[in-house]
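Let us walk through this structure together, one part at a time. Keep the sequence and the 3D view open as you read.

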Amino acid sequence: MSLLEIKNLHATVDGHEILKGVNLSLDQGEVHSIMGPNGSGKSTLAQVLARRETYEITAGEVLFNGKDLLAMKPEEAACEGLFLAFQYPVEIPGISNAYFLRSALNAIHKYRGEEEMDAMDFLPKLREKMKLLDMDEKYLNRSVNEAFSGGEKKRNEILQMAVLEPKLAILDETDSGLDIDALKIVAQGVNAMRHPERAILVVTHYQRLLNYIVPDRVHVLVDGRIVRSGGPELALQLEDKGYVGYESSARGASPAA
Amino acid sequence: MREANLATATQALRNYEESFSGLETSAASHEPSWLRKLRQDGFARFGETGFPTVRDEDWRFTNLSAIAQTPFRLVRNGHRVPSLADVAPHRLAGAACELVFVDGRFMEALSSVGKLPEGVNVGSLAAEIATNPGVIEPHLGRYLNIQRDAFAALNSAFVEDGAFIHVPRSVVLESPIHLLFIATAHETPTVSHPRNLIVAGENSQATIVENYVSLGSGEKALCNTVTELVAGDHSVISHYMIEREDEKAFNVSTLRIQQGRAADVASHSVLVGGALVRNNVHPVLAGEGGECLINGLFVGRNRQHLDNYMLVEHASPHCGSRQFYNGILDGHAHGVFHGRIIVHKDAQKTDAKQTNRNLLLSDTAQIDTKPQLEIYADDVKCTHGATIGQIEENSLFYLRSRGIDEASARRLLLFAFASECLDRMKAGPARTYVENLIHQNLGHIADASRHQEQGL
């Protein structure tokens, strides 16, 4: 059984169809990448999977670990082990990073019937993960993402992923706005999370990130459909030639089977 | 309808007159002449103006007809004295001393004056007037302007009791003084006019908490408080006003602060209770180099009306004032923030700042926010800003996507908004008390607003 099974997924926002029949399956231990031009539906797919309520699902089915993902609330999906690293992480003034992360971890523990962690047990764990991402301890007590630079925000997303240890992590354009040094640190953090029981879905526009996080499979999403899938070499071809050929073929194509 | 309103308003006025002449007769034998004059001037002024209407610029957003048309009576006799168990939940853990007032009257049996540093005098204003009027006379009524405020005039007319606090020169009180005002249940509408006088000597430090609560459920009650706070040169004073009365309470309070040279005063207001609340804060920075923080949080739901009227007067050079008020409004609640700053001609190098931020949790909640700057000096810095917003869907989704359920996420975001105000309070028993109160309150609101959105 696949960890994530997307079948013929259609989603609309304000009456516009964005996803027009997406099919994808992802197994434990695998890293897949979804690439596509702007407006192809990449971020919509990521947000639908994280259960953002702005989108209306008009057809299709998604199974996550055998359960109906589309019936879950965002918090349920998170507690079942799904994590979305946001393209635009949200600033939350007034809540410290450490408090936020412990609240999140304890919400997940509670859902699973596990014991909640107090600050004494939690802080050493958090510090250890921060070291991995080369993050200064001052971020512990600062408000979530407030006055963080673009790179710091993305690193903070990966820190959250490292603390929450999801079964499936979706990285939504985590590379956008990062310089090469920050990109390497983030990639290193993600690679450290690779695990036989964890799957990672890397959503990106550019191939560069995939030099550092090498995927098992690459899928090309154009106009709400996956038009081609292949190995890591597919990403290199896209880097060379761009999406031009795919965009023209997508318009006339029938939904990928 | 109009005629009926007029009739009830007339009856209400007649009640004040009866109460006043009753007080005149009973107090005539023992009260000092200066106090008699203070009361007579107050009542004469109230008689001239009556209650303000919405045509009065200072009351534009607050309709007082519910107060004007209710025939309130002073509670003269028959106080139902609450038990110690009744009072227990309202006590402030860690307070240096606690004065309890029931319907405006000091209750010694419920109060506790712990060990205070030498020379500190904390007790009932009525007792102090009776035994030591010379201490009271130089201050009482000297700072309050009864001409521009009918409620201040009315309070002065009925001055009898309240708290008197004197902290002598260079004395530091580390723990707060808790003034607990309890409105008990009555079968007819009642009014009380607590009057507090706080005199902080040069270089002294103290924290004073005024806390208004209701006990039992009865008819409407109006509490019309005036506090005169005299902050001596170089004193450091924190004042808290906590309003948590029930949904039948009207609460009008005026905090008049007179600041000496380099005095540092913080006024913290936390309004969560009451049907109609008017919170007047009026500091006058009279000495050079004074600093004033005017910090507030108001949380309204159902049909609560919470009006905050700030009047910050810069009367000397090199003073700073910072106003920060945050409002959270749900249901049909109506909030008002009126931030007036007057910079007098000689108050050069004034640095005055004002910020009012509001969260509206329902389509029917309302906020009126109004800055009013009057600047007569030419070398000053004055800034003001106001925002009105909702809980951001983005923030909510972000928290939920990390596993935090919706009600908890809302509670977290509301608390984060409120904590901007809490963070400005010094750590200690008073802040802890307020934090617990806010946690409790926002929990109810988060649950209620979620149900509303789901149409439950």
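Does His332(B) count as buried or exposed, or does it fall between the two? This is a predicted model, and in it His332(B) has 16 C-beta neighbours inside 10 Å, so the residue counts as partly exposed; 20 or more would be needed for buried and 12 or fewer for exposed. You will find His332(B) in the loop between strand 18 (320–329) and strand 19 (334–343) of chain B. Setting aside neighbours within four places in sequence, His332(B) is in contact with Asn302(B), Arg303(B), Thr364(B) and Ala365(B). Thr364(B) lies 32 residues away along the chain, yet its C-alpha atom and that of His332(B) are separated by 5.0 Å.

Stay in chain B and turn to strand 9 (residues 195–200). Six of its six residues are buried, so this strand is largely enclosed by the rest of the structure. Look at its two faces in turn: Arg195(B), Leu197(B) and Val199(B) are buried on one side, and Asn196(B), Ile198(B) and Ala200(B) are buried on the other. Strand 9 of chain B also has partners. With strand 6 (residues 163–167) of chain B it pairs in the parallel sense over four bridges, and there Phe164(B) has Leu197(B) as its bridge partner. With strand 11 (residues 221–231) of chain B the pairing is again in the parallel sense, over six bridges; here Ile198(B) is matched with Leu229(B).

From strand 11 of chain B, move on to the loop that links it to strand 12 (236–243) of chain B, where His234(B) is placed. Most residues other than glycine have a negative phi. His234(B), not a glycine, has a positive phi of about 60°. His234(B) is also buried, with 20 other C-beta atoms within 10 Å.

Now cross to chain A, where Asp223(A) sits in the loop between strand 11 and strand 12 of chain A. Asp223(A) is not a glycine either, and its phi is positive at about 50°. With 20 C-beta neighbours inside 10 Å, Asp223(A) counts as buried. Another positive phi, of about 55°, belongs to Asp134(A), just after helix 4 of chain A. That helix (residues 119–132) has 14 residues and reaches 20 Å from its first C-alpha to its last, close to the 20 Å expected at 1.5 Å a residue.

Next come the sheets of chain A. One is an open sheet of six strands in the order 6-9-10-3-11-12, with mixed pairing. Strand 6 (82–85) and strand 12 (225–230) of chain A stand at its edges with a single partner strand each, so one side of each is left without a neighbour in the sheet. Neighbouring strands of this sheet are turned by 20° against each other on average, direction ignored. Within the sheet, strand 3 (residues 31–35) and strand 10 (residues 199–204) of chain A pair in the parallel sense over five bridges, and His32(A) has Leu201(A) as its bridge partner. Helix 1 of chain A packs on this sheet, touching strand 3, strand 6, strand 9 (168–172), strand 10 and strand 11 (217–222) of chain A.

The other sheet to look at is open too: four strands of chain A in the order 2-1-4-5, with antiparallel pairing. Its edges are strand 2 (16–26) and strand 5 (67–68) of chain A; each has a single partner strand, so one side of each is left without a neighbour in the sheet. Strand 4 (residues 56–64) and strand 5 of chain A pair over two bridges in the antiparallel sense, with Phe64(A) opposite Lys67(A). Helix 1 (residues 42–49) of chain A packs here as well, touching strand 1 (4–13), strand 2 and strand 4 of chain A. The direction of helix 1 makes about 70° with that of strand 2 of chain A.

Chain A also offers a helix pair. Helix 5 (residues 150–164) and helix 6 (residues 180–192) of chain A pack at an angle of about 5°, with their axes 10 Å apart. The two helices are therefore roughly parallel to each other. Among the residues that make the contact are Ile158(A) of helix 5 and Ile185(A) of helix 6.

Finally, see where the chains meet: the contact takes 16 residues from chain B and 20 residues from chain A. On the side of chain B, the largest share, six residues, comes from helix 9 of chain B.

How values were computed
Residues are numbered from 1 along each chain as its sequence is written. Chains are lettered from A and ligands numbered from 1 in the order in which they are written. This is a predicted model: local features need pLDDT of at least 70, side-chain atom pairs count only at pLDDT 80 or more; totals for chains, interfaces and linings use all residues. The expected span of a helix is 1.5 Å times one less than its number of residues. Two strands pair if DSSP finds at least two bridges between them. Two residues are in contact if their C-beta atoms, placed from the backbone, lie within 7 Å. Axes are lines fitted to C-alpha atoms, for helices over the stretch in contact, and angles run from 0 to 180 degrees between N-to-C directions. Angles under 35 degrees count as roughly parallel, over 145 as roughly antiparallel, 65 to 115 as roughly perpendicular and the rest as oblique.
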